[in-house]
Amino acid sequence: MFTFINEIAKGDLTRKFDAKFRSKEFSELSQTLQNMQQDLKAMVAEISQSSEKVVSSSGELSSTAEELSASSEELASQMEEVNRSAQNASASIQEV
């Protein structure tokens with residue numbers, strides 16, 4: 001049982017513990033350890049899935065930020081063109 005506990009403590013959640021005990025307390029402890037191992041496996045799997053979602057979302061956010069940056073640059077360029085056109089129109093009006 002102690003080997004099983006040490007393996008779990010080291011992060012090895014793949015081992016099985018099927019020892020049979022005569023004492024009810026040891027049998028209950030054994031079952032509790034097996035339940036803990038299964039819960040830890042489920043928790044690690046859930047964390048892994050959440051991590052994958054974060055990575056995916058991060059990529060999507062990065063792509064969106066790049067699109068916004070390109071749109072902002074295009075808008076700035078168009079505003080400069082409008083400004084030049086307005087200045088040219090103002091100069092033309094002043095000449096008249």
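This report describes the fold, the long helix and the salt bridges of a predicted model.

**Overall form**

The protein contains two helices and zero strands. Its radius of gyration is 33 Å, well over the 12 Å that the globule rule gives for 96 residues, so the protein is more spread out than a compact globule. Along the principal axes, the C-alpha atoms occupy a box of roughly 110 × 20 × 15 Å. Of the 96 residues, 8% are buried. The exposed surface comes to about 8100 Å², and carbon and sulfur atoms account for 55% of that area. Among contacts between residues at least 6 apart in sequence, 55% join residues at least 24 apart.

**Helix H2 and its packing**

Helix H2 covers residues 24-95, which is 72 residues. From its first C-alpha to its last it reaches 105 Å, close to the 106 Å expected at 1.5 Å a residue. At the start of H2, the backbone nitrogen of Glu25 has a side-chain oxygen of Ser23 within 3.3 Å.

Which residues of H2 are buried? They are Ser30, Leu33 and Gln37. The buried residues of H2 pack against helix H1, which spans residues 2-9.

**Salt bridges**

The whole structure holds four salt bridges. Three of them are listed here, with the distance between N and O atoms.

| Salt bridge | N to O distance |
|---|---|
| Glu7 and Arg15 | 3.6 Å |
| Asp12 and Arg15 | 3.3 Å |
| Arg84 and Glu81 | 2.9 Å |

Glu7, Asp12 and Arg15 belong to a network of salt bridges. Arg15 bonds in this way with Glu7 and also with Asp12. Glu7 has a relative accessible area of 16% and is therefore buried, the limit being under 20%. Arg15, at 42% relative accessibility, counts as partly exposed. The bridge between Glu7 and Arg15 thus pairs a buried residue with a partly exposed one.

The bridge between Arg84 and Glu81 lies within helix H2, where the two residues are three apart in sequence and separated by about one helical turn. An α-helix has 3.6 residues a turn, so residues three or four places apart point the same way. Arg84 is partly exposed, at 42% relative accessibility. Glu81 is also partly exposed, with a relative accessibility of 42%.

How values were computed
Residues numbered from 1 in each chain as written. Predicted model: local features only at pLDDT ≥ 70, side-chain atom pairs only at ≥ 80, totals over all residues. Heavy atoms only, no water. Helix = DSSP H or I, 4+ residues; strand = E, 2+ residues; numbered from the N terminus. Expected span 1.5 Å × (residues − 1). Buried < 20%, exposed > 50% of the residue type's maximum accessible area, 1.4 Å probe, protein only. Contact = heavy atoms within 4.5 Å. Polar contact = N/O pair within 3.5 Å; in protein donor to acceptor, adjacent residues only side chain to side chain. Salt bridge = Lys/Arg side-chain N within 4 Å of Asp/Glu carboxyl O. Rg over C-alpha atoms; globule rule 2.2 N^0.38 Å. Areas by Shrake-Rupley, 256 points an atom, 1.4 Å probe, with all protein chains shown as cover.
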